[in-house]
Amino acid sequence: MKVDSSFHNHTGPQDVWYVLFGIPGLEHLHAWIAIPICSMYIMAVIGNVLLIFLIVTERSLHEPMYFSLFMLALADLLLSTATAPKMLAIFWFHSKSISFGSCVSQMFFIHFIFVAESAILLAMAFDRYVAICYPLRYSSILTSSVIGKIGTAAVLRSFFICGPFIFLVHRLLYCGRNVIPHSYCEHMGIARLACDSITVNIIYGLTMALLSTGLDIMLIIISYTMILHTVFQIPSRCKEKRD
């Protein structure tokens, strides 16, 4: 891989331009790989836009469960839009260069939306847990106001987790390496190109991944385990009532 010879020994972040390499080893297949990616992106946009429009316009769907589905559809739409267009530009038009500012912006939005989407999935798991395990109290526990607060909390949590990534990559010095072997920018992909120690970046990235997405996954598993436990107890309860 060639490194831009115009770079000095130490380069300020504002002067850096990166090269997104796409999928290393499959460069000759990029044009073909882009076809299913483009198809999935179009379907994701159309499907999520229609779902969002339906939930917003249909009053009968103004329920907590559908508000969670609305947030998930919006997050999915934003996440796919943050990644797919640049990937298609790389695969079809060989538009591989990207400025440091644009790369960091893409990095922030990808991580931000991903963490928010994880929280939304957790909220949906909690919604199903309350609906199945406490059906008579569902409407009093999960009101529209509560769902709104959960959505706000998901956005704020995601911002406070992912905001420091911007500072962590800005503080580093860069000295020539400018090739990212991916189709999009992400935190460690940028940090690995620095000349400085990236220990802080690694520790923070792993810690936040475990405390956000890792914790969400664990709570989602617990929630659905309790749902299954409740569902499997229904037949025995019915049998006891008959006896």
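Here is a short walk through the aromatic rings and one helix pair of this structure.

Keep in mind that this is a predicted model, where local features need pLDDT of at least 70, side-chain atom pairs count only at pLDDT 80 or more, and totals for chains, interfaces and linings use all residues. Residues are numbered from 1 along each chain as its sequence is written, and side-chain values use heavy atoms, with hydrogens and water left out.

Let's start with the rings. Rings of Phe, Tyr and Trp (its six-membered ring) make a pair if their centres lie within 6.5 Å; planes under 30 degrees apart are stacked, over 60 edge-to-face, and the rest tilted. By this rule there are 8 aromatic pairs. One of them is Tyr18 with Phe100, a tilted pair with 6.1 Å from centre to centre and 50 degrees between the planes. Tyr18 belongs to strand β1 (residues 17-20) and Phe100 to helix α3 (residues 100-133), so this pair links distant parts of the chain, 82 residues apart. Helices (H or I, at least four residues) and strands (E, at least two) are DSSP runs, numbered from the N terminus.

Are these two rings buried or exposed? Buried means under 20% relative accessible area, exposed over 50%, and partly exposed in between (1.4 Å probe, protein chains only). Tyr18 has 1% relative accessibility, so Tyr18 counts as buried, and Phe100 is buried too, at 3%.

Next come Phe165 and Tyr204: their ring centres are 5.5 Å apart and their planes are at 85 degrees, so this pair is edge-to-face. Here, helix α5 (residues 144-170) supplies Phe165 and helix α7 (residues 199-242) supplies Tyr204, 39 residues apart. Phe165 is buried at 6% relative accessibility. Elsewhere, Phe108, Phe109, Phe112, Phe159 and Phe160 form one aromatic cluster.

Now for the helix pair. Two packed helices are described by the angle between their axes and the distance between the axes. Axes are lines fitted to C-alpha atoms, for helices over the stretch in contact, and angles run from 0 to 180 degrees between N-to-C directions. Helix α1 (residues 30-57) packs against helix α2 (residues 64-93) at about 155 degrees, with axes 8 Å apart. That is why α1 and α2 are roughly antiparallel (angles under 35 degrees count as roughly parallel, over 145 as roughly antiparallel, 65 to 115 as roughly perpendicular and the rest as oblique).

Finally, look at Phe70 in helix α2. Phe70 is partly exposed, with a relative accessible area of 24%.
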